[in-house]
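This briefing concerns a metal site and the residues annotated in a database record. Please consult the sequence and structure shown below.

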Amino acid sequence: MRPSPPPLLPQMELGLTDTRPSRVTLSPGAVLLRGFALPESTELLDAILHLTALSPFRTMQTPGGGRMSVAMSNCGPLGWVTDRSGYRYTPTDPETLAAWPDMPPAWHALAARAAKAAGFDNFSPNACLINRYEPHTRMALHQDKDEGDFSQPIVSVSLGLPIAFLWGGLKRSTAPHSILLEHGDVLVWGGKARLHYHGVKPLADGIHPLTGRARFNLTFRFVAPRS
Ligand code: MD3
Ligand code: FE
């Protein structure tokens with residue numbers, strides 16, 4: 001009897017290949033780098049656990065009195081927060097009253113490398129928002145405009161369950177396109193794309209081998225120091 005061959009991955013058994021381009025320009029200044037963070041995804045998830053042991057995930061209050069469904073934390077010199085008094089960046093975590101945890105050097109380097117690959121040199125983020133989505137969590141269409149400086153790009157890293165990202169225009173009234181963001185994908189938003197409306201559809205339930213029933217998103221930004 002001949003030994004049976006080793007089992008193949010389902011994709012290989014079917015003879016399928018992912019032929020999608022690894023780099024896609026969504027609109028001028030908006031570049032999707034598929035799988036860019038894949039080689040370091042387990043380290044990124046491990047670091048999220050360590051950082052959020054120091055500044056735990058929490059759902060924040062909106063100025064209107066509602067509560068965001070996305071759970072958030074931050075690392076780096078500044079962190080994005082919202083409460084009844086508005087949206088802003090703060091040097092300390094309002095829950096722990098301590099400075100936000102340091103941004104891991106590997107995170108800063110990944111963000112700068114991704115920005116460079118998309119054509120933006122010298123990106124040096126001083127804020128990283130860590131978002132956690134659980135099934136049914138969504139983020140309504142919005143602009144990121146609390147940074148006081150729009151000359152640098154924003155870099156976002158998707159980990160865990162896939163989600164449908166909504167990419168709108170410079171006006172809220174422009175109907176958004178839907179784009180699938182998967183584990184390891186990195187998006188860079190600079191130039192004209194920096195102030196586009198965007199959001200995500202409710203997270204579909206599922207189980208990701210590395211994150212379970214969750215999606216994480218890291219958003220790296222440069223925030224102008226307040227005068
Ligand atoms: C386009 N987060 O935290 S990441 C946010 O998946 C946010 O957690 C979403 O929007 C998420 O503010 C989307 C992609 C993203 C982030 C910032 C952008 C797209 C952007 C800023 C300008 C334009
Ligand atoms: Fe945003």
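Along the sequence, the donor residues of the iron ion (ligand 2) follow the spacing H-x1-D-x53-H. H142 belongs to strand β7 (residues 139–142) and H198 to strand β12 (residues 198–200), so this pair ties together parts that are 56 residues apart in sequence. The model is predicted.

**Iron site**
- Coordination of the iron ion (ligand 2) is provided by H142 (NE2), D144 (OD) and H198 (NE2), at 2.0 to 2.2 Å.
- Both H142 and H198 are buried.

**Annotated binding site**
- An unreviewed UniProt entry places the feature "binding site" at N131, R132, Y133, R215, F216, N217, L218, T219, F220 and R221.
- Of these residues, N131, Y133, R215, N217, T219 and R221 are included in the lining of the largest pocket.

**F216**
- F216 is located in strand β13 (residues 215–221).
- The relative accessibility of F216 is 11%, under the 20% cut-off, and F216 therefore counts as buried.
- Not counting residues up to four places away in sequence, F216 touches L45, I48, F57, N131, R132, V157, S158, L159 and T211; among them, N131 and R132 also carry the UniProt "binding site" feature.

**R221**
- Strand β13 also contains R221.
- R221 is buried because its relative accessible area, 7%, is under 20%.
- With neighbours within four places in sequence left aside, R221 is in contact with Y89, F123, P125, N126, A127, L129, D144, E147 and I154. One of these, D144, is also a donor to the iron ion (ligand 2).

Methods:
Residues numbered from 1 in each chain as written. Chains lettered and ligands numbered in written order. Predicted model: local features only at pLDDT ≥ 70, side-chain atom pairs only at ≥ 80, totals over all residues. Heavy atoms only, no water. Donors = N, O, S within 2.8 Å, 3.2 Å for Na, K, Ca; no water. Helix = DSSP H or I, 4+ residues; strand = E, 2+ residues; numbered from the N terminus. Buried < 20%, exposed > 50% of the residue type's maximum accessible area, 1.4 Å probe, protein only. UniProt positions renumbered as here; feature names shortened; annotations may be inferred. 1 Å grid on protein atoms, 1.4 Å probe; cavity = no way out; pocket = protein on both sides within 12 Å on 5 of 7 lines; lining within 4 Å. Contact = heavy atoms within 4.5 Å.
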